[in-house]
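Work through the exercises below with the coordinates open. Try each task before you read its solution.

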Amino acid sequence: MSDLTSSPAWKALEAHYGTMKNVHMKELFANDSERFHKYSMKFEDILLDYSKNRVADSTMDLLYALAEQQDVKGKAQAMFSGEKINSTEDRAVLHIALRNQSNKPIYVDGEDVMPAVNETLERIKAFTNQVRDGTWKGHTGKVITAIVNIGIGGSDLGPVMACEALKPYAADHLKMHFCSNVDGTHIAEILKLCDPETTLFLIASKTFTTQETMTNANTAKTWLVGNFDGDETSVAKHFAALSTNGDAVSAFGIDVNNMFGFWNWVGGRYSLWSAIGTPIALAIGFDNWMEMHAGAHAVDQHFLQYDGKDNLPLTLALIGLWYNNFFGAETVAILPYDQYMHRFAAYFQQGDMESNGKYVDMNGKRMQTQTGPIIFGEPGTNGQHAFYQLIHQGTKIIPCDFVAPCQSQNNLPEKLGAPVDHHPILLSNYFAQTEALAFGKDESQVKAELDKTDMSEAEKTALVPHKVFEGNRPSNSFLFKKLTPRTLGSLIAIYEMKIFCQGAIWNINSFDQWGVELGKQLAKAILPELDGDSPVSSHDSSTNGLINYYKTNK
Ligand SMILES: O=P(O)(O)OC[C@H]1O[C@H](O)[C@@H](O)[C@@H](O)[C@@H]1O
């Protein structure tokens, strides 16, 4: 048995679960009129209400004790001080240095990383300003009007998510495109929309070896050079690289002056704060990107400073862990009630699942308990009309995070003269959903409603169980004033630190990602086998069968 599941704090929670598993939130609310005040907190203008959870004071106390037992604070301090906590790659984990606006030195191998961080930010500032104000000219002297970011995973999801979320802050004259999939369709459709004279490609890859990205980058280069009658010098004004691998960038033909670097201590899924965030700075302006950094830095300070119930990311992490490890919940839904945040759940799918999807602990021992949850989500109200049925009445427990701004970026009556303001309609749904999930609708309420119809008694009796909502389904609610760059930066950092805390409690390495390697390796071996018509027999019968079906039908 692992140390964790036999530890005193874990055992205490296990015993406590026995007393809580059948407690309904209705009772918890009925017995405590202060519940909202007790179980909500604010970070700047972000309100987190976690009262609609199956927790009592004693639950939270035991959860905070678990965090203490697992030395979450000590592990956080180790991360912030540049210790190589990513042991399987022998790397520090310092995305926090990228947004360290205090400039307090952070040392890796005896060297302060801050001067290099700041210098790179200055170069990105100069570059993005030039592109945005039209000083940067393409090969034929025209200003840039389209950016194509070519990257995948952490070199794509963060920039896409942030550019979408902060569209109201974006420059109208720069069209942003993001090409990630190696499926040729992705780049083909984007290139159809681009003019080579006014397009700037950003090749975003930490390693600069990722198959998808290099394939797309080569296609883009061929397209561009082909459009300039084979003139390779055109690359200089139409390609920039965001990478840690200077040699590979040069070998590809991109001038190192057009390369913006970062360091091996920035994990891909934490890299939107690094040069990988250049497309964000291009879209919304460098200063707004720095506002995101400021919002995240403020969360970092909060996270380091506060303990127990005053620590927002820790609290969020512990509530998540409570369902995951004790109630057997396997998923978490992230549900933003803001259309601009439509990629937020997808972003944290990588953020959480790649970080904490590990079945061995730091010592290489098989975990005796569940680790990272399955993350999914869509913006409300779309999700309501798709998968909320299961959240309300399914057999599974799906803890949900509801996320919403008080103010819309689009006040339609003002902007378009629409007959009604949409935002109260949207938010009425946001409020209604957590209420419905927590409190449900019991048999007597359903019966009373049916009594108002002309149904027969038999029909009513048959229908009642289908219309009952048992409730007691947990949710957290984030409500903030408006989705500004600073707020988005804070929200991202809150989730990052939540993921960190859970990983620290499970004692897993949240910062490696070996699980993505095997598929890559096998794909490399299979690719040459797809040439020609002769059948393959080197795999298992299923894989041979699939490959051979492809070969006879390609
Ligand atoms: O930026 P790169 O090196 O192209 O990697 C892109 C992605 O590749 C793999 O899937 C993982 O390592 C991810 O964490 C990473 O974000």
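**Exercise 1. Find the strands that pair with β13 and state the sense of each pairing.**

Step 1. Strand β12 (residues 400-405) runs parallel to β13, and 6 bridges join them. Two strands pair if DSSP finds at least two bridges between them. Strands here are DSSP runs (E, at least two residues) and helices are runs of H or I of at least four residues, numbered from the N terminus.

Step 2. Pick out one bridge to β12: F402 has S477 as its partner in β13.

Step 3. Turn to strand β2 (residues 46-49). It runs antiparallel to β13, with 3 bridges. Here L48 is bridged to F478 of β13.

A note on the source. This is a predicted model: local features need pLDDT of at least 70, side-chain atom pairs count only at pLDDT 80 or more, and totals for chains, interfaces and linings use all residues. Residues are numbered from 1 along each chain as its sequence is written.

**Exercise 2. Decide why strand β13 (residues 475-480) counts as largely enclosed.**

Step 1. Apply the burial cut-offs. A residue is buried if 20 or more other C-beta atoms lie within 10 Å of its own, exposed if 12 or fewer, and partly exposed in between; C-beta atoms are placed from the backbone.

Step 2. Count. 6 of the 6 residues of β13 are buried, so the strand is largely enclosed by the rest of the structure.

Step 3. Check both faces. S475, S477 and L479 lie on one side, N476, F478 and F480 on the other, and all are buried.

**Exercise 3. Describe the surroundings of β8 (residues 239-243).**

Step 1. Test burial. 5 of the 5 residues of β8 are buried. F239, A241 and S243 point one way, A240 and L242 the other.

Step 2. List the partners. Strand β7 (residues 199-204) pairs with β8 in the parallel sense over 4 bridges. F201 has F239 of β8 as its bridge partner. Strand β9 (residues 259-261) also pairs with β8 in the parallel sense, over 3 bridges. There, L242 is bridged to F260 of β9.

Step 3. Assign the handedness. β8, helix α12 (residues 246-252) and β9 make a right-handed β-α-β unit. The test: with the strands pointing away from the viewer, the path from the first strand over the helix to the second runs clockwise.

**Exercise 4. Characterise the contact between domain 1 and domain 2.**

Step 1. Set the bounds, which come from an automatic or database domain assignment. Domain 1 spans 4-70 + 306-421 + 474-512, domain 2 spans 104-286 and domain 3 spans 515-552.

Step 2. Take the distance. The C-alpha centres of domain 1 and domain 2 are 33 Å apart.

Step 3. Count the contact residues: 17 from domain 1 and 17 from domain 2. Two residues are in contact if their C-beta atoms, placed from the backbone, lie within 7 Å.

Step 4. Name the contributors. On the domain 1 side, α16 (344-356) and α22 (485-506) each supply at least two residues. The largest share, 7 residues, comes from α16.

**Exercise 5. Is I508 buried or exposed, and which residues does it contact?**

Step 1. Locate I508: it sits in the loop between α22 and α23 (517-529).

Step 2. Count neighbours. I508 has 21 C-beta neighbours inside 10 Å, so it counts as buried.

Step 3. Leave aside neighbours within four places in sequence. I508 then contacts N356, K358, D361, M362, T371 and G503.

Step 4. Add a C-alpha distance. I508 and M367 are 141 residues apart along the chain, and 8.8 Å separates their C-alpha atoms.
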